[in-house]
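Biologist: I would like to learn how to read a structure feature by feature. Could you walk me through one, please?

Modeller: Gladly. Let us put it on the screen and begin.

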2 protein chains.
Amino acid sequence: MSAATRLRRNDEHRHIVVLERGTHVSFANCGLPYHVGGVIQERDDLLLQTPASLAARFRLDVRTRHEVVALDRTRRVVVVRALETGEEYEEPYDDLVLATGARAVRPSIPGVERAHTLRDLDDMDAILAALGGGDRAGARTAVVVGAGFIGIELAENLVRRGLAVTLVEREPQVLPPLDPEMAAVVDQRLRESGVAVRTRAAVVRIDDTTATLDDGTTLPADVVVTAVGVVPESALAERAALEVGERGGIVVDEQQRTSDPSVYAVGDVAVKRDALSGGATLVPLAQTANRQGRLVADVVSGRDVSATPVLGTAVVGAFGLTAAMVGWSEKRLRAAERPVRVVHTHPSDHAGYYPGARAMALKLLVDPETDAILGAQGVGESGVDKRIDVIATAMRGGLRASELADLELAYAPQYGSAKDPVNMLGMVADNLAAGITDSVQWHEVDRAMRDGATVVDVRTPGEYASGTLPGAVNLPLDELRIRHAELPSGRLVVTCAVGQRGHAATRLLRQLGRTDVVNLDGGYRTWKQAVGV
Amino acid sequence: MSAATRLRRNDEHRHIVVLERGTHVSFANCGLPYHVGGVIQERDDLLLQTPASLAARFRLDVRTRHEVVALDRTRRVVVVRALETGEEYEEPYDDLVLATGARAVRPSIPGVERAHTLRDLDDMDAILAALGGGDRAGARTAVVVGAGFIGIELAENLVRRGLAVTLVEREPQVLPPLDPEMAAVVDQRLRESGVAVRTRAAVVRIDDTTATLDDGTTLPADVVVTAVGVVPESALAERAALEVGERGGIVVDEQQRTSDPSVYAVGDVAVKRDALSGGATLVPLAQTANRQGRLVADVVSGRDVSATPVLGTAVVGAFGLTAAMVGWSEKRLRAAERPVRVVHTHPSDHAGYYPGARAMALKLLVDPETDAILGAQGVGESGVDKRIDVIATAMRGGLRASELADLELAYAPQYGSAKDPVNMLGMVADNLAAGITDSVQWHEVDRAMRDGATVVDVRTPGEYASGTLPGAVNLPLDELRIRHAELPSGRLVVTCAVGQRGHAATRLLRQLGRTDVVNLDGGYRTWKQAVGV
């Protein structure tokens, strides 16, 4: 619809036909889980435009329940089946835009026909019907398969409806796009909120009122919803011999042209260019789909414009937590064998002296050779979306990680800090880039200790007593100048609560003649988050 | 303190002396108004560090109530007066950092000695004493002079304390750094919240329980606080013949060096470089001061680093509203005779179909020749700080206004929209840059009508009936295709609620053969905001 409406504004005189297999055009996909949970109370609020409203305003010829079953590129016609009547007819085109989207993957397991997916209003209606009308007569238990963004939104909203929910994820963590120590914060919140989380688990069979896991566990499941990803709806393009990429996306150039220059593809069905690697990627997000719709209308209208490579900025809310990310994760970078510098921090969303400050966990991924920002992640109760948006903008603007330190972000005590969380990430990145300090990651401590390193916890004795890394010795920062000789020789791994006192200690020890001192990045809090103590 | 602590982390072996005339170092200046209002309940929460804590952690020799009364650059010594004893002594230096800040301007009017200012804890304590301890015995009326950021925070917090507050501002608007139509939203909220706002007014005399305005009005004023700006505290530098700029700031180079290479100046006392003009400017903000402290420590330590030019990003809260800005305002640009393209929008902070969405007013200032972003302003109940931070980051990254359209910002319905407010600003900017549409500003409509233009309100008859521009004719967008011939010849100024339907109408009319059609930027809402109907 963004392509069609933009094209009409560009060109009043074209004949624009919109063919839609489903019942609705222009509905609020991203709101569907929230109507399931009753947060969005009125179903009608999800319907943004109708064929009638689009005809009145934009003179669009919108035909719902009309499926394009074939594409004859030589004759430049599509074959349309009117689903109400079964009748087929041909519709000619000068320019054809394929915006067929993606469909939910359905696992191949016995009983999967009882499982719901959630992509459109019909899916949502089916879930609501399965949940039942009244509280007593309705479903009481649900299994959600897949703990990605949609799975987590579904779990939250089914809990809102009063169901006992089990969330099943094949990966070792929830929110697989995030790194495990960041996702762990969400995992904990899900459990605290009553969701039974089962990671490293797969549903292998669905029966009438249960779902069975691969370890034999039988879960009560009045309702089953799968949310295990989507694949491009590219069968039509494939049948028409348009070039389709490995994972099923239609291959397009920077003007969204397919291998046939009269045929364009946009949105979830189209292959995108990744901003970091320059390679092909699939990013099924509303923002990108929307923007490509606008772009293709301009291209068809003869404007010289190009698609922007994608960063994949995404956010999800879960029981009062916000988790957001942009760019690549550490595990993706490591899997691709790209060198990466990692920064974890635990800042407050606003000045600590102003009431209501909430801690968040932030993570920055940096190219150690160029200081380029490769990605970021954040989890917390407040202010996370803002920081990820700022970093996404910095990435688009080509700012180096160190330059985040000098961003001028709006500061008053209810909104941020004189050193905003994003500035702090930049300062740590700058210290690392300049060689002022060096750090180790939470997953590198065990190895360091096996190799003879000593972990020095520089927090107060009270903090140390309330929990620390196994084997860590305590030497509070403020006593370090006079007592540093007590520390054993060899490598020192300094740790504190979040990494800040550790930084001061690292600097101090280095200048007191210790040559091999590193700071535990993110401190005890990141480590604890990761190992789940 | 940021200079001293960073320098210590850089260099354990230097002797670092911090000389402070006042009673405290490292307190939360920006929190002072909120302790006056009782939002920050504990005074101690405002004290971030003490000389003792700084000695323990950073081995800093912090001497409060020690005033530097002279600077002998030839001998490299400062003359220090210990204010408790009156004793004077000399302290030598290799490198000297002047971080003397700024002091509040006090108007030269009879009785001003009864007026308070608010820069430090002593000022705050004096205000609290003047307000009185118990509710009954205490002050009941207050006059705040100056409706800038601090004046507005003071007004809000005095209202919180139960006082009847009059806010007096010499300029024709509150929040003079903003443009009038944006500040008008804050003005309205102040009045609705019980603040008596008096713009274009000056206090000319202060008596025991009243303040008198230049029009003769006598205002009840148990307490008077002036907040009419600050000037650099550069007397010491002037006496030492260091170069001082026109408005009293110490002139520095990109490494914060004054005209004497052993003497540095940072923070409110130092002249900054403006990011837009490259010229000298004074921006007394915590963020910049903080960053310059870190920078100068690195320079003194021999690191090759330079100060970043300032954008002046700022934010203020007032009775549930947030007002924020970055860069230059329209009036500042016009006063400097810089060409400017202006965009007003009224987006929601998050998807309209998700509960709790709040409208905001956004404004973008663009260089019409280069498409560079020159500034932005926002006012609203939610999400304003995020959008201004994103735009500030885009400016730092050198993104063009049109490129805001393609920023990938985190979208889920509780956080934003698939077309985020910042994206929308970019799309409008892109349409204007590409010549796809043209707009007029709210202050240009009168002139256009006098020159014979017709204002066409394309909203529904119901919306039109509830208020429109004087003389506007109504022709709803959805009827425009069939009824456009009813419109008179000559220039057409199209208007709607916020500019979006107006854009569609402008495009349509242009393609239907109307050559002179412009859209009223920001629609009726911006116009109404500005003219205060």
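Biologist: Let me start with a single residue. Is Phe319(A) buried or exposed?

Modeller: Please keep in mind that this is a predicted model. Buried means under 20% relative accessible area. Phe319(A) has a relative accessible area of 18%, so it counts as buried. Its place is the loop that links β19 (314-318) to β20 (321-327) in chain A.

Biologist: And the backbone there? What is the phi of Phe319(A)?

Modeller: Phi of Phe319(A) is near 50°, which is a positive value in a residue other than glycine. Leu175(B) is another case: its phi is positive, about 45°, although Leu175(B) is not a glycine. You will find Leu175(B) in the loop between β9 (164-168) and α6 of chain B. Leu175(B) is buried, because its relative accessible area is 0%.

Biologist: Now a residue with some exposure. Where does Val251(A) lie?

Modeller: Val251(A) sits in the loop between α7 (235-239) and β16 (263-265) of chain A. Partly exposed covers the range between the 20% and 50% limits, and Val251(A) falls there with a relative accessible area of 25%. Setting aside residues up to four places away in sequence, Val251(A) touches Glu243(A), Val244(A), Gly245(A), Arg257(A), Thr258(A), Ser259(A) and Val271(A). Sequence and space can also be compared: Val251(A) and Ala270(A) are 19 residues apart in sequence, with 6.3 Å from C-alpha to C-alpha.

Biologist: Next, the two chains. Which rotation superposes chain A on chain B?

Modeller: A rotation of 180° with 0.0 Å of shift along its axis does it, at an RMSD of 0.0 Å. That is the relation of a two-fold axis. In chain A, Gly397(A) has the C-alpha nearest the axis, 2.1 Å from it. Both copies use the same surface, as 100% of the contact residues of chain A recur in chain B.

Biologist: Can we see a residue that reaches across? Which residues does Ala412(A) touch?

Modeller: Not counting residues up to four places away in sequence, Ala412(A) touches Glu153(B) and Val315(B). Ala412(A) belongs to the loop between α10 (384-396) and α11 (421-433) of chain A. Ala412(A) counts as buried because its relative accessibility is 2%.

Biologist: Then helices that meet across the chains. At what angle do the axes of α11(A) and α8(B) cross?

Modeller: They cross at roughly 10° and come within 13 Å. Angles under 35 degrees count as roughly parallel, and α11(A) and α8(B) are therefore roughly parallel to each other. On the α11(A) side, Asn423(A), Met427(A), Asp430(A) and Asn431(A) meet Gln287(B), Arg291(B) and Arg294(B) of α8(B). By class, the residues of this contact divide into one nonpolar, three polar and three charged.

Biologist: For contrast, how do α6(B) and α16(B) lie to each other, parallel or perpendicular?

Modeller: The axes of α6 (residues 180-192) and α16 (residues 523-531), in chain B, cross at roughly 75° and come within 8 Å. α6(B) and α16(B) are therefore roughly perpendicular. Here Glu181(B), Met182(B), Ala184(B) and Val185(B) in α6(B) meet Thr526(B), Gln529(B) and Ala530(B) in α16(B). This contact has four nonpolar, two polar and one charged residues.

Biologist: What about a whole helix: how many residues of α1 in chain B are buried?

Modeller: Nine of its nine residues are buried, so helix α1 (residues 2-10) of chain B is mostly covered. Among them are Arg6(B), Leu7(B), Arg8(B) and Arg9(B). The buried residues of α1(B) pack against α11, α14 (480-483) and α15 (500-511) of chain A, together with β1 (17-20), α3 (51-58) and α8 (286-300) of chain B.

Biologist: Last, the interior. How many residues does the largest nonpolar core have?

Modeller: In soluble globular proteins, nonpolar side chains tend to be buried together. The largest nonpolar core here has 74 residues, and Leu364(A), Ile391(A), Leu364(B) and Ile391(B) have the most contacts inside it. Leaving aside neighbours within four places in sequence, Ile391(B) is in contact with Val326(B), Leu364(B), Ile373(B), Ala376(B), Val422(B) and Leu425(B). A second, separate core of 53 residues includes Ala28(A), Val225(A), Val316(A) and Met325(A).

Notes
Residues are numbered from 1 along each chain as its sequence is written. Chains are lettered from A and ligands numbered from 1 in the order in which they are written. This is a predicted model: local features need pLDDT of at least 70, side-chain atom pairs count only at pLDDT 80 or more; totals for chains, interfaces and linings use all residues. Side-chain values use heavy atoms; hydrogens and water are left out. Copies are superposed by least squares on the C-alpha atoms of residues with pLDDT of at least 70 in both. Contact means heavy atoms within 4.5 Å. Helices (H or I, at least four residues) and strands (E, at least two) are DSSP runs, numbered from the N terminus. Buried means under 20% relative accessible area, exposed over 50%, partly exposed in between (1.4 Å probe, protein chains only). A nonpolar core is a set of buried Ala, Val, Leu, Ile, Met, Phe, Trp, Tyr and Cys residues joined through side-chain atoms within 4.5 Å. Axes are lines fitted to C-alpha atoms, for helices over the stretch in contact, and angles run from 0 to 180 degrees between N-to-C directions. Angles under 35 degrees count as roughly parallel, over 145 as roughly antiparallel, 65 to 115 as roughly perpendicular and the rest as oblique. Ala, Val, Leu, Ile, Met, Phe, Trp, Tyr, Cys and Pro count as nonpolar, Asp, Glu, Lys and Arg as charged, and the others, Gly among them, as polar.
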